[in-house]
Amino acid sequence: MPRKQNGWNNSKSFAFKSPTHKITKSKKIGAAGYYPSNRSFGSIVSRSVVEKYDMESNWARWRKGQEYFFQTAYLDYKSIDSILYQGTSNEVPVTFSGYKFPTSNSDSRSHYTLKRKVTAENSISIGTVQEIYSDRYQNNDLYARNEIWIRVTKPALSADNLFIKRTISERITDGSASANVLNVLTPNKKPAVYKGKSPAKGTEIAITVPLSDVTSTTFIGNNNGNLQALVGQIGYVPDFYNIRAIANTDIFTDDTETFKVDLTDSGSAFVFKILNTSSSDLPPSLTNINEFTEILNTSNTNSELKGGFEFKKDKYQRYFGRNYLTADLVKSEVSNLAFSVLPFEIKSIDFDVSANTIELTSVPVQTTLTLYSPSENENWVILADNSFTIQSVDNDSEGNYKHKPEAPGDPLWQRINITVDPWIDQTFTTASTLEFGETYACSCPDFMHAVIRSPEQYDEQGKKLNRQRRAPVPTAQGSSTYDNLAINTAASIAQSWETEQYKGSFRICKHVIAAMFADKTRVEEPNGYPSLESRQSFEAKLAKDISETNDEFINQLKRSEITTLEIVYVLAQGLNLDEVETAYVLLTSKF
C-alpha cells in the first residue's frame, strides 16, 4: 500500500516535468514587438526600429488598395450634399461620394470611404502665397518640427480674414500640390487662433420664446396641444457660429498649465427653429440642414449661455519664446471670440405663466471656444511636411495620355504622388492661389485611429468578439486626457488614439487607395518599402485577405445599413469637425 503523501518530505512542489523532444510543432509567431511578462492594464509593447518602420510604411496599404480595386467587389455609396462651416458667413457647399467595402469588423459589415469635393462653381480662394520656408538648411528649427511655413495674403475681395483662420486641419491646394494646415499665425508669427474646451459635463443652452408662437404650430395641433411633444426634437439657430468682440464680462484667469475663460453670453431677436428630423438617419450638423421640415420658425427669442473653457498653454508657449504665456498676455493678443451652438436636442421645457413664455433647455453639450487675433491682411500658415501630395493628369514622360481617349465630358485619369518631400520637391510656389482640396475619409480603424462599437457578442463564425470592440473605452495607449476630453464622454460608442501628428499627416488606408483608383486617380507606388521579411509574409496575408472578401461581401449585402454609426463618424471626419463636435454628433445621433 503506498504511503500517504501529506508531509514535506513527500511533497512534489519541486518536481520537474520531463522535457518534450517533439520537433513537429513550434511556438506560433505573434504580433511584432517585445511583450512584457506581466500584461496587465497599462503595460507597454516595445518594437524594434525595423518593426516600427514596417508598421508605418504605406507600401502595404498601397498594394492592398490596388488589389482591392482590381480583384474584390465593392458598392457605390449615394452622394450626400453638406455644408462646410455651416452656420457661418463663409459657408462652402460640398458633396460627398464614395464606396462601401465589405469587412467583418463592423455591425453593418461595411467600411465607408467618402471623398469630399468642392465643385468648381463653389470654389473659394483662401489666399495667395507670398513666401515659403522650405529650405531645411536655413530653417533647421522648422525641419526638426516637420513644418513648412508659408506667408499668405487674403483674397483682394475678402472683407474679413477669419476664413483662413478657420482652415486649421483643412486640406488646401494650388491645383497641383496639396497639404494639411496645422496652424495659422499672425504677421509677427504669434498664434492667430486659440482653442479651448468646456468641461466634460457640458453646458446647457436655454432659449425662451412666446408660448403663442409654439401653440399655433401645426405640430402641436397634431399632438392635441401637448407641448411635451417638443422634448426630443431638434432646436436650431441658423447663425449658430457666434462671433463677437471680447467683452468685460469675459473673465480670463491664469493657472499653472492652463488659462481659462469664463464666458457669459446672451442674445435676443435671433432666428430660432425647431426641426423634425425623423425623415433622415443623419444628424442635422452633417447634412444640409435646410432640407429638414420646420416645426417652428420664430425670431421672438432670448437666450443665455454660461460656461468655462480651458486652454492648454503648452500648445502655444513655443511661439512666445522666453516670454511666459499668461492669461493676460493672451488677452492682449486677441480681439474676438467665437463658439458654436450646434443643433441640439431639447431636453425639457418650462413655462412662465406670468410672461406667457416657454423656455426650451438643451441636453448638456460640450463646446469649443475659439479666440481670434485682430484682423490682418496676411498670415503665416503652418503645413505638415508629411501631408504633401502632388497630383496631375496621368501622362507619360513625353506628355502623352496613358489611357484610352475618354468620352466627351468624362474626367481624365489623374496620378498622385503620396511620398512627396517638400524640403526637396517643388510644391507651392509664390503667387499661387490656394483653395480647398479634395479629401478622403474612411471608417476603418487603420484610417481613423479609432474603434467604433460593434455590440454583437459573436461574429459570423460564432467566435466571441473582443470586449473592446463591443464597447470601446479609453486605453493606456490613447491620447492625453485633454485631447480626448470630449471623445471620452462617448466611451462605449467610440474610442480614439489619434494624435495631433497623425491628424496633420496625409492619411490613407487600403480602402482610400482603392477608392482613388475607382475615382480614376492612379496612386504611384510609395518609395518606403518594408523589410524583405515583412514583404514575404505580406504576400500570404494579402492572398488570404482577398480570398475572404467574397464571404464578407455576402454578409455585407445581408447587413448593410443596419447602423449609421460608421457613416456618421466618417462624415464628421470629412467635414473637419473637431474632437468636441465629433463627440457631440456621436452622442446625439440615433444609430
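**Group meeting: strands, a sheet and a core**

Hi everyone, let me start with a pair of strands: strand 9, residues 206-210, runs antiparallel to strand 16, residues 302-312, and the two are joined over 3 bridges. If you want a spot to click on, take Ala206, whose bridge partner in strand 16 is Glu304. Please keep in mind that this is a predicted model.

Strand 16 has another partner to show you. Strand 13, residues 258-268, also pairs with strand 16 in the antiparallel sense, over 11 bridges. Here Phe259 has Phe311 of strand 16 as its bridge partner.

Phe311 brings me to Leu369. Setting aside its neighbours within four places in sequence, Leu369 is in contact with Phe311, and its other contacts include Tyr194, Val261, Leu263, Phe309, Leu337 and Phe339. Lys195, Gly196 and Ala338 are also among them.

Now, the core. The largest nonpolar core has 127 residues. Which residues have the most contacts inside it? They are Leu369 and Tyr194, together with Ile150, Phe272, Leu371, Leu383 and Phe428. And the element that gives the most to this core is helix 13, residues 565-574, with 7 residues.

So what does helix 13 lie across? You will find strand 1, strand 2, strand 3 and strand 25 under that description, and the helix runs at about 25° to strand 3.

Those four strands deserve a look of their own. They form an open sheet in the order 1-2-3-25, with antiparallel pairing. Strand 1 (75-84) and strand 25 (439-442) are at the edges, and each has a single partner strand, so one side of each is left without a neighbour in the sheet. From one strand to the next, the twist averages 25°.

In the middle of that order, strand 2, residues 92-102, pairs with strand 3, residues 110-117, in the antiparallel sense over 8 bridges. A handy marker on your screen is Phe96, with Arg116 as its bridge partner in strand 3.

Let me zoom out before we finish. The protein chain has 14 helices and 28 strands. Of its 591 residues, 48% count as buried. The accessible surface comes to about 30300 Å², and 49% of that belongs to carbon and sulfur atoms.

One last number, on how the chain meets itself. Taking the contacts with a separation of 6 or more, 75% are between residues 24 or more positions apart. Leu369 with Tyr194 is a contact you can look up for yourselves. Thanks, everyone!

Methods: Residues numbered from 1 in each chain as written. Predicted model: local features only at pLDDT ≥ 70, side-chain atom pairs only at ≥ 80, totals over all residues. Heavy atoms only, no water. Buried < 20%, exposed > 50% of the residue type's maximum accessible area, 1.4 Å probe, protein only. Contact = heavy atoms within 4.5 Å. Areas by Shrake-Rupley, 256 points an atom, 1.4 Å probe, with all protein chains shown as cover. Core = buried A, V, L, I, M, F, W, Y, C linked by side-chain atoms within 4.5 Å. Pairing = 2+ DSSP bridges. Axes fitted to C-alpha atoms, helices over the stretch in contact; angles between N-to-C directions.
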